[in-house]
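Grab a pencil and get ready to look around a protein. Here are two exercises, each with a worked solution.

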Amino acid sequence: MRKSGYMPLIEALIKNKNKNTVAFHMPGHKKGRGVHRKFAGLMQSDPFAIDMTEIPGLDDLHNPVGPIKESQQQAARLFGADMTFFLVNGSTVGIHAALLSVCRSGEEILLPRDIHRSVVGACILAGLKPRYLPLELDEEFLVPYPPAPEEIAAMLEKHPLIRAVFQVYPSYYGLAGDLSQTAEVVHRHNIPLVVDEAHGAHFIFSDELPLTALQAGADISIQSTHKTLGAFTQASMLHVKSNIIDAGTVGRQLGILQTTSPSYLLMASLDAATGHMEGAGKKLVDKTMRTARYIREQISRIPGIKCFGESLSGTCGVTAIDPTKIYISFRGLELSGYQAAQMLLKKYRIQVEMSDRFSILCMLSVGTGADDGDKLIRALTEIAAKADPVGCQKTIPGPVYIPPPRVILTPKEAWFGTLRQVMFNEAVGEVAGELVAPYPPGIPLLCPGEMVTEETVNLISELKSLGCTFHGPGDPTLGTIKVVDSV
Ligand SMILES: Cc1ncc(COP(=O)(O)O)c(C=O)c1O
């Protein structure tokens, strides 16, 4: 029996801390290495003194007139927005608020298929009807290419009831499409462009990185400051710069979505990230870019291992890539990404951001040191030298492909329908009542309201057998799934 006072999460966190791993995952502060000295000092000396509530002098996120207002204004200036809102429930809440602001219930929104699961949540909350853009994957790495502006133009011509366009820029894998051209196309229809820029908060600090979403012409951009800059996990920003969308409308939606007890630790971390990057952003991001390029160059010399990206720039709708997202394939060694991630962790204490069938994703940020890069390069060199293709899994099943969905019901109709639980492998032909998204990255393979196809069942079953875990289903083992009985 456990002793009373046992704290399982605290124990797990201490255990994890003591492993002293090299962090190629979020959050971007990388265990405090990428934050302003003043903020780091405060967190080390007395974090309880910072965990405050709306007492005099500390302002109110829901009615900011003092330091929170000033800090949001400072962030707006830095990130090129007319108005910036601090978010205390990640970019997720920003995406919810944005979609509630740009469409009314029952209206159509144009989406790429490689959206984060939070977009599906937003469609449920706002009662939206998704229209999906076609999806094209890189043949070797199986990563989605950015949608072409011409495809967006064609969809807008064909479906005049679309009321807003949503784009993911950059993608989870660091690919950026031609967002300026997309903004032009979208604005010709006098509708807003909302951009999930969760992975692009650092773009403004380097000319070698893609344009920011706002620079490209987006009306709303949502950035996870905690992913690529130094804010605490969950701390994000929503920026508005628009002639179409009134910032007040977005504030109104955030008013019903965000807690009335926003954490001052999270808000302080946003303030600290802004202040830190205002002064040193360019220097810090330049250094991160140099580290990223060095790692990529060294990895490209290791036989059997390959880095995704830079050769794609200028092709397949990719205008630029973010070199700080290093997606590494082990196909040449006949290793799965899951196996490689296990080896890196067990033998070399390197924790990656994500692993999948063939690859791992390493995320760098302003908190990544050159020493971290050297450790990764050494570990990969050893793994490649010792890999015994015969001893490894010889055949990794065919490509991961996000099948084009057959949308039968809107996500909201399916979500609130009467649901029935069926065996997962007997669900073909049914309409999904829940979402299934490998996590990370949280890109759904199946959304509520979509027809379950044989292709999707086979793909999800294969991923499961390789060790993938999923967000969404009530039965996380996916032995069963909820389908729609009636609406
Ligand atoms: C592309 C993308 N958008 C949105 C989100 C949601 O961001 P957050 O975790 O800050 O809520 C994520 C999270 O991983 C993401 O990868």
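The two exercises below deal with a predicted model.

**Exercise 1. Find out what surrounds the ligand, and which side chains make polar contacts with it.**

*Solution.*

Step 1: Start with the neighbours. The ligand has 13 residues around it, and Ser91, Thr92, Asp196, His199 and His226 come nearest.

Step 2: Sort that shell by class. You get 8 polar, 3 nonpolar and 2 charged residues.

Step 3: Ask where the shell comes from. Helix H5 (90-102) and helix H10 (225-228) each give at least two residues, and the largest share, 4 residues, belongs to H5.

Step 4: Now look for N or O pairs within 3.5 Å. A ligand oxygen sits 2.6 Å from an N or O atom in the side chain of Thr92. Another pair joins a ligand oxygen and an N or O atom in the side chain of His199, at 2.8 Å. For Asp196, a ligand nitrogen is 2.5 Å from an N or O atom of the side chain.

Step 5: Check the cover. On its own the ligand has 390 Å² of accessible area, and the protein covers 90% of that.

**Exercise 2. Work out how the buried residues of helix H8 are arranged and what they pack against.**

*Solution.*

Step 1: List them. In H8 (residues 179-188), Leu179, Thr182, Ala183, Val185 and Val186 are buried.

Step 2: Look around the axis. These residues cover an arc of only 165 degrees, so they lie on the same side of H8.

Step 3: Recall the helix rule. An α-helix has 3.6 residues a turn, so residues three or four places apart point the same way.

Step 4: Name the partners. The buried residues of H8 pack against helix H7 (149-158), strand S5 (162-168), strand S7 (193-196) and helix H9 (213-216).

Step 5: See what follows the helix. After H8 comes Asn190, with a positive phi near 55 degrees.

Technical notes
Residues are numbered from 1 along each chain as its sequence is written. This is a predicted model: local features need pLDDT of at least 70, side-chain atom pairs count only at pLDDT 80 or more; totals for chains, interfaces and linings use all residues. Side-chain values use heavy atoms; hydrogens and water are left out. A residue is near a molecule or strand if one of its heavy atoms lies within 4 Å of it. A polar contact is a pair of N or O atoms within 3.5 Å; within protein, one must be able to donate a hydrogen and the other to accept it, and residues adjacent in sequence count only if both atoms are side-chain atoms. Accessible areas come from the Shrake-Rupley method with a 1.4 Å probe; for residues, only the protein chains shown count as cover. Ala, Val, Leu, Ile, Met, Phe, Trp, Tyr, Cys and Pro count as nonpolar, Asp, Glu, Lys and Arg as charged, and the others, Gly among them, as polar. Buried means under 20% relative accessible area, exposed over 50%, partly exposed in between (1.4 Å probe, protein chains only). The arc is that of the directions from the helix axis to the C-beta atoms. Contact means heavy atoms within 4.5 Å.
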